[in-house]
Every structure is written in C-alpha cells, then in structure tokens.
Amino acid sequence: MLSRRDFLKKCRDISVAAFGADIFGAEIAEGFMKIAASDRPLVSFIQGQSCTGCSISLTYGNETNFIDFIMKLIRLQVHPNLSFSQGESYLKMLDSVSAKGGHVLVVEGSIPVKMKKACMLGEHTLYDELKKHMEKASAIIACGSCSCFGGIPASGMNETGAVSVEKYMSMTGIKKPVIKIPGCPIQPDRFMGTVAYLIATGKLPAMKDGIPTLYFGELIHNNCTRFQYFSQDIYLDDYNKDKHSCLLKKGCRGTVTKADCPTRRWNGSVNVCVESNAPCIGCVNEKWPFTSDIYIEAKNVEDVPWSDFKKYSEKRGRK
Amino acid sequence: MARILSVDPVSRIEGHLKIETEIDSGVVTRARVAGNMYRGFERMLLGRHPVDSARIAQRICGVCHEVHGVSSVMALEEIYKVTPPANGLVLRDMILGLHIVTDHLLHFYNLCLPDYADFSVAAAYSGSDTRLKDISAWIRNSGTGFIGGAAEGDYIRDKDAVYRLVLHYFEALKIRSEAASGLALLGGKVPFIHALLPGGITTEITADTLMKYYHVLEKTADFVNNSFLPDALEIARRYPQYFKIGETYNTFYAHSSFKDSKGTNLFNAGVIINGERKNFDYSKVKELLSASFYDNSGRPDENRQGAYSWIKAPRYEGFPLEVGPVARFAVNNDAGFKSLLGRFGSTNITSSTMSRILARAYESVRLCNYLFERSEDFRLDEPTIRPVDLQAPVTGQGVGFSVAARGALVHHITAEKGKVTDYKMIVPSTWNFGPAADGKAGVVEKAITGTPVRFGGEGGSVEVGRVVRSFDPCTACSVH
Ligand code: SF4
Ligand code: SF4
C-alpha cells in the first residue's frame with residue numbers, strides 16, 4: 001500500500017503538474033488514479049466569433065502545462081488551430097465526437113444570431129451547426145469572456161447580434177449546465193484546473209452564476225500587493241515617476257472585479273496587469289469591454305465611479 | 001473536365017477560412033479564398049475614448065496580440081503628439097521582436113509541420129527515449145482524434161526525421177510559453193499587454209527583469225539557431241519543388257521597423273511593383289469591396305450580390321501586394337536571405353511556398369540577434385513612459401505603421417473632441433487573403449493557382465494546404 005504521502009506525490013507526478021492546482025489538489029489526484037487513459041473524456045473545441053486568444057493563452061500555460069494537459073488529462077479530438085485534419089475530414093471528426101456524446105465541448109468566442117453568416121462552420125452557419133455539438137455533450141465550457149457574456153463581438157452597436165453560449169442555448173432550447181470561465185483572454189490554470197476537477201470527480205465545481213467561485217470568488221483588490229497603498233490613500237499620479245502606488249485614480253477596476261489574478265498571476269506567474277503598473281481593466285467582467293471609458297481618471301478618489309468601494313469597505317471593515 | 005476541390009474549414013491557421021479550387025488535369029486553374037467570420041472592430045470603436053483602442057484593438061487577434069496594440073498606440077501617439085522616451089521604444093521593440101519570433105515558431109512547428117511530417121510514424125516508437133515513449137503512448141491513446149484524418153499526401157515517413165520533428169513540435173510549444181513569460185515580464189501578461197499605453201510602457205524595469213528577459217531570449221535563440229533554422233532547411237531540402245509552387249505576383253510591400261540606437265532600421269519600408277522598388281505612399285492604398293460582404297458605404301451586408309468573403313480587397317495603385325517576411329527581405333534586397341535561397345538555386349528573392357517558410361526561420365535568427373543588441377540600449381535609471389493626458393478632449397488623426405509576423409499593418413485613427421470618429425485597419429492577412437477585385441485575383445488566390453494536385457480525398461488537398469499555410473493566415477485580423 002502506498003502511504004497517503006506517497007500516493008499524493010505520485011498523483012502530483014502524473015497530474016498535479018498538469019492542473020497547476022494545489023487548489024483542487026487531493027480531490028483531483030484521487031479521481032485521476034481511477035481513470036484509465038483510454039477512459040478520459042474526448043474534448044472538442046469550437047471557435048465562434050473569437051480571436052483565438054484563449055487557445056493561445058492555454059498553449060502558453062501558467063503553472064498548468066498545456067502539453068501535460070493534452071497528453072495526460074484529456075483526449076483532445078478536435079481543435080481548429082491544432083487538428084491535423086482539414087476541410088471535410090475535420091468536420092467529420094467533429095461530428096463523430098458529438099454523435100457519440102459524453103464529450104466536453106469547449107466554445108471559444110460568441111455566436112452571431114442576427115447576421116448569421118458572420119460566422120461559419122464549414123458550409124453552414126455556426127448558429128445552425130452548434131446545437132448538434134452541444135446536445136449530447138457531458139459538459140459545455142464557455143471559454144473566455146466572449147463565449148461567457150458576448151464580450152468584444154457583442155460590444156458597441158453589436159452589428160452581428162453576437163450572444164453568449166448561454167443565451168444561444170436558451171434560444172435554441174438546449175438545457176444543460178454551462179461552466180463559464182471568463183477572461184480576455186482566459187487564464188490557463190482556471191480552464192485546465194476546472195476541466196481536471198470535472199474529469200477527476202465527475203462533478204461540477206462550486207459555482208456562482210455558472211462561474212467557478214474558487215477562481216472568481218474574491219475581489220482582485222483584496223489580494224493586490226498595492227492594497228497597502230490604497231489603505232494609506234497613496235495613489236499613483238504619474239506612470240513615469242511612480243511605479244508602486246495604488247492605481248485606483250487611474251481607473252483600476254480591481255475594486256469591482258472578482259478574480260484571483262494577483263495571487264495566481266500569469267505566464268509562469270512572472271507578472272500580472274496591476275504589477276506591471278497598469279490598472280486592471282476588469283477583463284473578466286460581464287460587461288467587458290464596457291460602454292463607459294476603460295480608464296476613468298480622477299483627481300479625487302470619490303470621483304471614480306466605482307470608488308464607493310472605499311466608503312463601503314471602511315464602513316464594513318476590510319474583508 | 002474541371003473538378004471542384006475545397007478545403008473548408010482550413011484548420012491549423014487563425015480563424016475561419018475557406019478555400020475553393022477548380023482543378024483541371026491535376027493543376028489548380030482557379031481559386032477562391034473566403035474569410036468567414038466578421039465582428040466589426042472598426043465600427044465598435046466609434047464613439048469610444050481614443051485610448052480605449054489601445055486595449056480593444058489588441059483583441060483583434062490573440063495570435064498576433066501585441067502587434068495591433070503597438071500599431072494603435074503609434075497612431076494614438078500622433079493624435080496626442082507625444083513621443084515615447086528612448087526606453088519606451090526599446091521595450092516596445094523587445095516585446096514586438098520576441099513576439100514575432102514566437103509567432104514564427106508556432107507557425108512552422110504547430111501549424112505547418114503536420115503538412116510535411118507523418119506524426120503517426122511516432123506512434124510505433126519502441127526505443128528508450130522517455131519523451132518519445134510518452135508521445136507514442138499519447139498518439140495511441142488519443143485515438144482517431146487530433147493527429148488523425150490528415151489529408152493524403154507525400155509526407156516524411158523516415159523514422160529518425162519524424163522523431164526529431166515530433167520532439168521539436170512539442171519543444172516549440174515549451175519555448176513559446178517561456179518566451180511568453182519574457183513578454184509578460186515587460187508587459188504584465190500575454191496575450192494582451194496592458195502595460196502598453198501611448199507614450200511608452202508603464203512597467204518598472206529592474207536589472208532583475210532585464211536578466212530574466214535576457215535568459216528567455218537566450219533559450220529562444222538557442223532553439224531558433226539549433227532547431228528551427230536547420231528544420232526549415234531540411235523541409236526545403238526534401239520539398240524543393242515548393243520553391244516553384246505558391247508564387248504570387250511578386251509585388252511586395254513592407255514597413256520600416258526595428259530601429260537600433262543609431263537610427264538604422266532592421267527593415268526599411270518600400271513597395272516593389274514590376275521589379276521596381278518605390279517608396280510606400282499610404283494615400284495610394286484603396287480597399288475594394290466588390291467581392292466582399294459590405295455595401296458600397298462599407299457597412300456589412302451578408303447578402304451582397306457577387307460577394308464571397310468578409311475580407312476586403314486592398315490594392316496599391318491597383319496592384320494586389322504580398323506582405324510578410326519574404327516581402328521584408330525583398331524590399332530590403334537582403335543579402336543574407338538571398339544567399340540562403342541561393343543554396344536552392346535561386347538568384348533572386350522571389351515569392352514561393354518554401355521561400356516564405358525559410359524566410360520565417362531566417363528572420364527569427366535575425367530578430368534574436370537584433371534583440372540581444374537592442375536590449376542593451378535600455379537605461380536603468382531613465383523613464384519608460386511619457387504619459388498622455390487622458391482627460392484632454394483630443395481632436396486629430398494618427399496613423400500607426402507597424403509590423404506583424406505575417407506582414408505590414410496600419411491602424412488609422414481619427415478622433416474628435418475626445419471620441420473616436422473613424423477607425424481603419426489594413427492588416428497583413430487583408431493584403432494576402434483579400435478576394436478578387438477589378439479582374440485581379442487576390443494574392444493567395446494567385447499563389448494557389450498553378451499548384452499541382454496529386455492527392456485528394458476528404459481532407460481536400462495537402463498541396464493546397466501547404467501553399468495557403470505558408471502565408472500564416474490570420475483570418476480574424478484580415479476581417480476584424
Ligand atoms: S485599486 Fe487596483 S491597484 Fe489599488 S489596491 Fe485595488 S486592485 Fe490594487
Ligand atoms: S488583473 Fe484585471 S485586467 Fe488583468 S487579467 Fe485580471 S481581470 Fe483582467
């Protein structure tokens with residue numbers, strides 16, 4: 001018998017490296033011990049109105065290594081940027097996975113419902129095709145802010161009538177839980193960790209409004225390394241002269257954005273927006289990229305429309 | 001009798017692309033290239049704060065992420081009348097240059113290589129290399145998916161070559177993610193750098209940051225010199241016929257880019273038409289709409305008569321132009337690249353499938369060398385940014401000419417009283433993948449025409465796929 005310690009170590013070797021997650025650690029590890037390689041779920045990716053940024057971000061990885069992920073955790077069947085097949089044979093591959101069912105379907109990008117030809121999947125519109133790929137899926141993952149909420153394609157006058165995956169499903173009558181992992185682009189650990197959890201436990205992770213709370217539970221602001229400056233009312237005025245103070249007066253949306261960016265960080269955990277002295281632009285938010293200006297600068301902190309947080313946090317104690 | 005052969009969708013590219021060809025006596029006689037996805041960036045930016053463009057326009061494409069950011073801030077800097085401090089320009093070059101190298105790596109190994117090497121050969125590996133054993137188990141376990149269903153073709157099947165290339169396929173992904181951390185050190189995160197603003201880069205750069213960047217660059221350069229260039233040369237040696245396949249009009253266009261501290265450009269700007277080099281004049285560029293899904297005023301119209309693509313058709317004095325690394329070398333009449341092509345019997349820099357592939361590898365070597373020198377220009381105690389006043393209700397126009405892995409690009413912003421009133425982008429894949437107009441086929445349409453097609457089947461044609469992918473299509477960009 002393996003000791004629990006050895007067991008966990010072994011699990012780390014085979015899989016923890018692949019989901020960069022002390023986070024779901026033990027639960028995932030135990031689950032994975034039980035799944036034979038040939039039983040891992042088939043995964044297909046479909047891109048709607050997207051920029052491929054989410055897929056690219058996944059291949060960059062963070063703590064989570066994409067190569068480990070595709071080699072050791074899932075059976076990646078179809079990916080528009082990576083699949084060796086093309087044309088008809090590519091579409092057949094996609095169809096056969098969806099016909100068999102039980103797959104994990106990842107949708108990147110939004111779906112145009114007004115100007116349907118604004119996104120095609122082969123000869124047909126994505127609008128007409130997507131339904132059949134969703135019907136028998138065991139899980140549908142909305143990958144990135146576009147597929148979660150409409151995102152960039154749905155902004156401005158939204159000429160194409162771009163909608164989120166969820167909205168599309170309600171329009172076409174598909175009832176099934178969707179896991180939403182927002183971000184512009186998606187942060188790799190959040191995606192791969194969620195998929196790992198799903199596979200290993202067969203359960204949906206804890207979610208609020210379809211969004212995993214573990215990754216999107218707390219305000220960026222609360223874990224920001226600049227919080228101490230905020231609490232002392234030291235605000236950055238000139239990007240050139242000051243590289244450390246709180247960015248709220250430069251329009252930082254860390255106070256209204258829930259995500260674990262400051263602790264999880266990006267690209268091998270080397271950096272994150274706020275640490276590069278740039279305000280958080282709230283790219284995981286439902287309203288991203290917003291209708292108001294992205295950076296709302298102010299002389300006084302009270303003039304930042306989302307600075308109510310400060311009053312609020314002072315009243316309630318800082319959580 | 002002509003037959004129709006399509007590849008729809010083209011995989012292993014960025015975006016939604018359809019290729020339709022007519023084949024007669026084993027040769028493509030006519031081709032249509034269609035961009036199949038529209039979002040409407042130029043119009044969604046209208047009415048927004050000009051600086052929002054620096055964030056939103058980056059999201060045109062997650063593959064060439066930083067390129068659009070740089071181009072839009074260059075345009076914004078003209079509107080705000082600000083020049084970044086020397087350090088700001090150095091950092092921008094360090095980001096853009098390293099980014100382009102990673103983009104070339106993705107293109108060669110992960111997008112193109114499966115057109116040349118038969119990865120299934122690695123499934124039968126029985127030796128003792130643990131990495132190859134892993135890969136072989138992975139291929140067997142992933143079943144028919146992923147690497148299955150490749151088009152019929154004349155692939156490399158000798159074991160040693162396949163093993164090496166397959167290993168490099170995965171190594172390239174690893175090097176790319178390391179390089180990405182080099183980019184994030186300077187910019188906060190990638191894709192989509194938020195430290196990039198008009199006037200420079202916000203990040204505090206310490207000696208430690210520079211050391212880490214340098215380290216990443218060294219690793220990247222090692223891979224580029226010891227794997228990428230030799231592998232590209234190997235493909236060229238095995239497929240010499242592709243120096244004659246995939247030729248365009250041999251009209252080229254490039255922007256100046258990557259200045260050094262003495263003011264010399266790594267690439268100079270210019271246009272080549274009828275073998276003659278001229279200065280580039282932006283006012284001579286027109287976008288034609290006759291075969292594109294837009295009405296005459298430029299509004300999207302998915303039912304436009306005679307249209308077959310969401311991509312517009314840019315023309316320079318009526319000519320379709322090829323952009324990309326070959327264009328950069330042709331415009332600069334680059335001696336090094338000429339001699340590289342000379343090894344395969346060419347005396348001139350001309351357009352072809354294989355010259356595009358070689359140009360990317362060669363350019364990566366050049367860019368790494370450039371970046372080693374360029375990063376030395378950074379001065380630790382000097383500013384990295386001259387911030388603009390975001391509350392100034394600016395009015396004016398700005399044009400940002402920059403460069404992506406796949407060619408020259410322009411962002412053109414007009415602002416009035418602090419709001420964007422017009423936004424135009426003409427990007428590399430718009431030039432290359434634009435449809436026919438005024439009786440002239442688009443650049444890639446021209447390149448595909450004349451391609452010999454020996455293989456067919458459900459995967460369409462491997463040969464046509466090779467030609468198309470050699471341009472590194474970026475369809476989200478081309479349509480935007
Ligand atoms: S406002 Fe932004 S910079 Fe300031 S502490 Fe909060 S998250 Fe950090
Ligand atoms: S810090 Fe803000 S802008 Fe940056 S990735 Fe996180 S949510 Fe997006």
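In helix H3 of chain A, the buried residues (under 20% relative accessible area with a 1.4 Å probe, protein chains only; exposed is over 50%, partly exposed in between) are A:Gly53, A:Cys54, A:Ser55, A:Ile56, A:Ser57, A:Leu58, A:Thr59 and A:Tyr60. H3, which spans residues 53-60, is thus mostly covered, with eight of its eight residues buried. A:Gly61 follows H3(A) and has a positive phi, near 70°. Helices (H or I, at least four residues) and strands (E, at least two) are DSSP runs, numbered from the N terminus.

This is a predicted model, in which local features need pLDDT of at least 70 and side-chain atom pairs count only at pLDDT 80 or more, whereas totals for chains, interfaces and linings use all residues. Residues are numbered from 1 along each chain as its sequence is written, chains are lettered from A in the order in which they are written, and side-chain values use heavy atoms, without hydrogens and water.

A:Leu58 of H3 is also one of the residues in contact (heavy atoms within 4.5 Å) with A:Phe191; beyond neighbours within four places in sequence, the others are A:Phe45, A:Phe69, A:Val106, A:Ile141, A:Cys143, A:Ile181 and A:Ile186.

A nonpolar core is a set of buried Ala, Val, Leu, Ile, Met, Phe, Trp, Tyr and Cys residues joined through side-chain atoms within 4.5 Å. In the largest one, of 250 residues, A:Phe191, A:Met134 and B:Ile448 touch the most other members. Helix H6 of chain B (residues 159-187) contributes the largest share of this core, 15 residues.

Chain A as a whole has 14 helices and eleven strands, and 65% of its 319 residues count as buried.
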